[in-house]
Amino acid sequence: PTIGLHPRDNQILLDTLEKLEKKGNTLLVVEHDEDTIRRAHHVVDLGPGAGRLGGEVIAEGTVEQLMRSPRSLTGQFLAHPLLHPLQPRRPTDHRTPALQMNGANLHNLKSVDVRFPLARLSVVTGVSGSGKSTLARDILHDNLAALVGERNKRNKSAFAPAGCRAIRGWEAIGRVLEVDQTPIGKTPRSCPATYVGFWDAMRKLFAGTQEARMRGFDAGRFSFNTAGGRCDACAGQGMQKIEMSFLPDVKVACDVCNGARFNPETLAVHYKGQSISDVLKMSVDEAVDFFSAHPAIHHALRLLQDVGLGYLTLGQQSPTLSGGEAQRIKLVTELSRSPHPSPAALQVFPCLHMERGEGAKKKATSNSNSLSTGSSGERAGVRGHTLYVLDEPTVGLHMADVEKLIRVLHRL
């Protein structure tokens, strides 16, 4: 219930819940918010990890009892809160290159002037409904995306910014990307391995085995997007949809390949004793060791570990991922493109504590180079300084995952 609320509004909500409880009602809340947990009379902590590493009651009782439990990750973070800054602050003053926005007057903004230092982590905050999304997304992101796109056109035309009088200092920016929580794929064939980009390298490894060369298989044979190596019955999805007439459709494991996605001939090829289907069923944590000898694959897998996604399987279907998981996978995709980014090469611009309904219905378009639709700016060869816009990246994240996310933002 605290999603998108400013701390002031959070306290108002908790006071209201407390009044309901005092009237003799029972309240059951699913929550990551520290204030809500501390005000609870009884807490049930599940874990110890996420995905198939979870599903157990780790601790139960009062907040004090959780804090004394060595197995409770929640209790440990309550007892020893995260200290900031995680790394020394970089100097930021009037001499720091910055984006300057003047006369922002869209919606409830009253002709405000704002300065955002470049190559720094900047946060827009404020009470719910104060205009944060309007400032960061509707004005800054949309105008800069249009400006960068206009600069790359051959036939340039005069550009008039919408919602503000002027934006200055944007010339050093090569790309503008919104890293949101929209799904990374809509089909069951999309998965973390395909989105992050190391799936092609894995297919080449299988194509390079002696068994594959003897059979005349190339890397295309190990793709579930093209016919030939995939299971024809489920078209490489591993699942079949059963239409139920007056009921919602039901998806079941393919009765031909049993969810393996590939035909028997393709599955007969093994790399280090594992078939291509076995690799897709590996968790990220398992795959890190399995591909330790292959730097390109190993680097991407380690990044997934760093953002707390080690429990995901490489072939987990994208539509089953949560918004927070999808957003972190998009951040990993950006980091994997630059194995050793310069600290001053990129800018991250997260917008935290935004009201969820404020601008949430606005969908990213291809013109904005949103990461929800792919990084067209990168494919076009635009490199260098990137402006990242994140809308409430901590939504749905445990305190331990928030720490990992902050470290990833600092790496960018």
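This section describes local features of a predicted model, from backbone geometry to salt bridges.

Backbone geometry was examined at peptide bonds and at phi angles. Most residues other than glycine have a negative phi, and most peptide bonds are trans. Against this background, two cis peptide bonds are described here. One joins Gly47 and Pro48, with omega at about 0°. Pro48 belongs to the loop that runs between strand S1 (43-47) and strand S2 (56-61). The other cis bond leads from His84 to Pro85, where omega is likewise near 0°. Pro85 is placed in the loop between helix H4 (73-79) and strand S3 (98-104).

Positive phi values occur in the loop between S3 and strand S4 (112-117), which contains His107. His107 is not a glycine, yet its phi is positive, about 55°. With a relative accessible area of 59%, His107 is exposed. Ser111 is also found in the loop between S3 and S4. The phi of Ser111 is near 50°, again a positive value in a residue other than glycine. Ser111 counts as partly exposed, at 44% relative accessibility.

Two further loop residues, Ser69 and Thr187, were considered for their surroundings. Ser69 sits in the loop between helix H3 (63-68) and H4. Its relative accessible area is 13%, so Ser69 is buried. When neighbours within four places in sequence are left aside, Ser69 is in contact with Ile58, Ala59 and Gln76. Thr187 lies in another loop, between strand S6 (175-179) and helix H6 (192-196). At 38% relative accessibility, Thr187 is partly exposed. The C-alpha atoms of Thr187 and Pro319 are 6.9 Å apart in space, although 132 residues separate the two in sequence.

The cysteines were checked for disulfides, and the count is zero. The sulfur of Cys254 has its closest cysteine sulfur in Cys257, at 3.7 Å. This distance is too far for a bond, because a disulfide requires the two sulfur atoms to be within 2.5 Å. Cys254 is buried, at 1% relative accessibility. Cys164 is buried as well, with a relative accessible area of 8%.

On the surface, Ile242, Met244, Leu247, Val250 and Val252 make a nonpolar patch of about 380 Å². Strand S7 (239-244) and strand S8 (247-253) each supply at least two of the patch residues. The largest share, three residues, comes from S8. Ile242 lies in strand S7 and counts as partly exposed, with 39% relative accessibility.

Charged side chains form 18 salt bridges in the model. One of them pairs Arg71 with Glu56, at 3.6 Å from N to O. This pair links distant parts of the chain, 15 residues apart: Arg71 is in the loop between H3 and H4, and Glu56 is in strand S2. Glu56 is partly exposed, at 40% relative accessibility.

A second salt bridge is formed by Arg203 and Asp200, whose closest N and O atoms are 2.8 Å apart. These two residues are three positions apart in helix H7 (residues 199-207), so about one helical turn separates them. Arg203 is buried, with a relative accessible area of 13%, whereas Asp200 is partly exposed at 41%.

A third salt bridge brings together the side chains of Arg328 and Asp401, at 3.7 Å from N to O. Distant parts of the chain are linked by this pair, with Arg328 in helix H13 (residues 323-337) and Asp401 in helix H15 (residues 399-411), 73 residues apart. Arg328 is buried, with a relative accessible area of 5%. Asp401 is also buried, at 19%, which is under the 20% limit for that class. Elsewhere, Asp15, Glu18, Lys22 and Arg39 are joined into one network by salt bridges that share partners.

Note on methods
Residues are numbered from 1 along each chain as its sequence is written. This is a predicted model: local features need pLDDT of at least 70, side-chain atom pairs count only at pLDDT 80 or more; totals for chains, interfaces and linings use all residues. Side-chain values use heavy atoms; hydrogens and water are left out. Helices (H or I, at least four residues) and strands (E, at least two) are DSSP runs, numbered from the N terminus. Buried means under 20% relative accessible area, exposed over 50%, partly exposed in between (1.4 Å probe, protein chains only). Patches are made of residues with over 30% relative accessible area and no salt bridge: like charges are joined within 9 Å, nonpolar side chains (Val, Leu, Ile, Met, Phe, Trp, Tyr) within 5 Å. Accessible areas come from the Shrake-Rupley method with a 1.4 Å probe; for residues, only the protein chains shown count as cover. A salt bridge is a side-chain nitrogen of Lys or Arg within 4 Å of a carboxyl oxygen of Asp or Glu. Contact means heavy atoms within 4.5 Å.
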